[in-house]
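The following exercises ask the reader to locate features in a model and to justify each assignment. Please work through each task before turning to its solution.

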Amino acid sequence: MITLHHLENSRSQRVLWLLEELQLPYEIKRYARDPKTMLAPAELKKVHPLGKSPVITDGELTLAESAAILEYLVERYGDGRLTPPKGSPEYLRFRYWMHYAEGSAMPPLLLKLVFDRVAKGPMPFFIRPVARAIAKGADRAFIGPQLKLHLDYMESELEQNQWFAGEEFSVADIQMSFPLEAARARAGLDASRPRLTAFLQRIHDRPAYQRAVERGGSVMPGR
């Protein structure tokens, strides 16, 4: 039996979604974030040394990292579903977007989250102006331009096809969902990028996505 160790408001929502898409039997063990630090609880380290989520256990196997988990599940249990044929141009795009999501799209989004917390977090009053100035400067000089670059790039990539790997929905779209949800929550993704907005609406309309939200909660805080 597959067990998903599911941390609220985290990347593990993607794994839960894929489990629902494949209609696999699974168990879910929930973990709550620390309300002050928003970090994962220490008990997750009993499952994996890094104490991060997502993590799955499947028999004797313990596996972390979103892309590795998604690829494992679809290769072992997918029976050819949600993956383009190997050797096809779509398969190359599929592998690209599976890695792009965390390797390229998420770093500027994480920087945005960190610097926003620096600017808004509690600190001595005499330090606050300096911290806010540093955060604002980083956003203006690097984070903001990088976010625009990546959002424009992703928007343009959906010009020819409605899904990232091609005309068919694939696991790459599940992997790409988290950075786009994060961009909508904190990086200005809105109707000015209609293809990305339409992509989010299409995934939200999928019954498996809706079941995953029902079981795991909202993808981003405040949703």
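A residue is called buried under 20% relative accessible area, exposed over 50%, and partly exposed in between, with a 1.4 Å probe and protein chains only. The model is predicted: local features need pLDDT of at least 70, side-chain atom pairs count only at pLDDT 80 or more, and totals for chains, interfaces and linings use all residues. Residues are numbered from 1 along each chain as its sequence is written, and side-chain values use heavy atoms, with hydrogens and water left out.

**Exercise 1. Strand β1**

Task: Determine how the residues of strand β1 are placed with respect to burial, and name the strand with which β1 pairs.

Solution.
Step 1. Elements are DSSP runs numbered from the N terminus, helices being H or I with at least four residues and strands E with at least two.
Step 2. From β1, Ile2, Leu4 and His6 point one way, whereas Thr3, His5 and Leu7 point the other way; all are buried.
Step 3. Because 6 of the 6 residues of β1 (residues 2–7) are buried, the strand is largely enclosed by the rest of the structure.
Step 4. Two strands pair if DSSP finds at least two bridges between them; β1 and β2 do so in the parallel sense, over 6 bridges. Leucine 7 has tyrosine 31 in β2 as its bridge partner.

**Exercise 2. Backbone features in loops**

Task: Identify the peptide bond that is cis, and examine the positive phi values of glutamate 65 and aspartate 79.

Solution.
Step 1. The bond between serine 53 and proline 54 is cis, with omega about 15°. Proline 54 belongs to the loop between β2 (26–31) and β3 (55–58).
Step 2. Glutamate 65, a residue other than glycine, has a positive phi near 80°. Its place is in the loop between β4 (61–64) and α2 (66–77), and glutamate 65 counts as exposed because its relative accessibility is 56%.
Step 3. Aspartate 79 is not a glycine either, yet its phi is positive, about 50°. Aspartate 79 is found in the loop between α2 and α3 (89–120) and is exposed, with a relative accessible area of 71%.

**Exercise 3. Salt bridges**

Task: Describe the salt bridges of glutamate 157, aspartate 152 and glutamate 181, giving the partner of each.

Solution.
Step 1. A salt bridge is a side-chain nitrogen of Lys or Arg within 4 Å of a carboxyl oxygen of Asp or Glu. The structure holds 11 of them.
Step 2. Glutamate 157 bridges to arginine 93, with the closest N and O atoms 3.1 Å apart. This pair links distant parts of the chain, since glutamate 157 is in helix α4 (residues 128–157) and arginine 93 in helix α3, 64 residues apart. Glutamate 157 is partly exposed at 21% relative accessible area, and arginine 93 is partly exposed at 25%.
Step 3. Aspartate 152 meets lysine 148 at 2.7 Å, N to O. The two are separated by about one helical turn because they are 4 residues apart in helix α4. Aspartate 152 is partly exposed at 31% relative accessibility, as is lysine 148 at 49%.
Step 4. Glutamate 181 bridges to arginine 184, the closest N and O atoms being 3.6 Å apart. Both lie in helix α5, 3 residues apart, about one turn of the helix. Glutamate 181 counts as buried at 1% relative accessibility, whereas arginine 184 is partly exposed at 34%.
Step 5. Salt bridges also link Arg11, Arg14 and Glu102 in a network.

**Exercise 4. The buried side of α6**

Task: Which residues of helix α6 are buried, and where around the axis do they lie?

Solution.
Step 1. The buried residues of α6 (residues 194–204) are Leu196, Phe199, Leu200, Ile203 and His204.
Step 2. They lie on the same side of α6 because they cover an arc of only 135° around the axis, the arc being that of the directions from the helix axis to the C-beta atoms.
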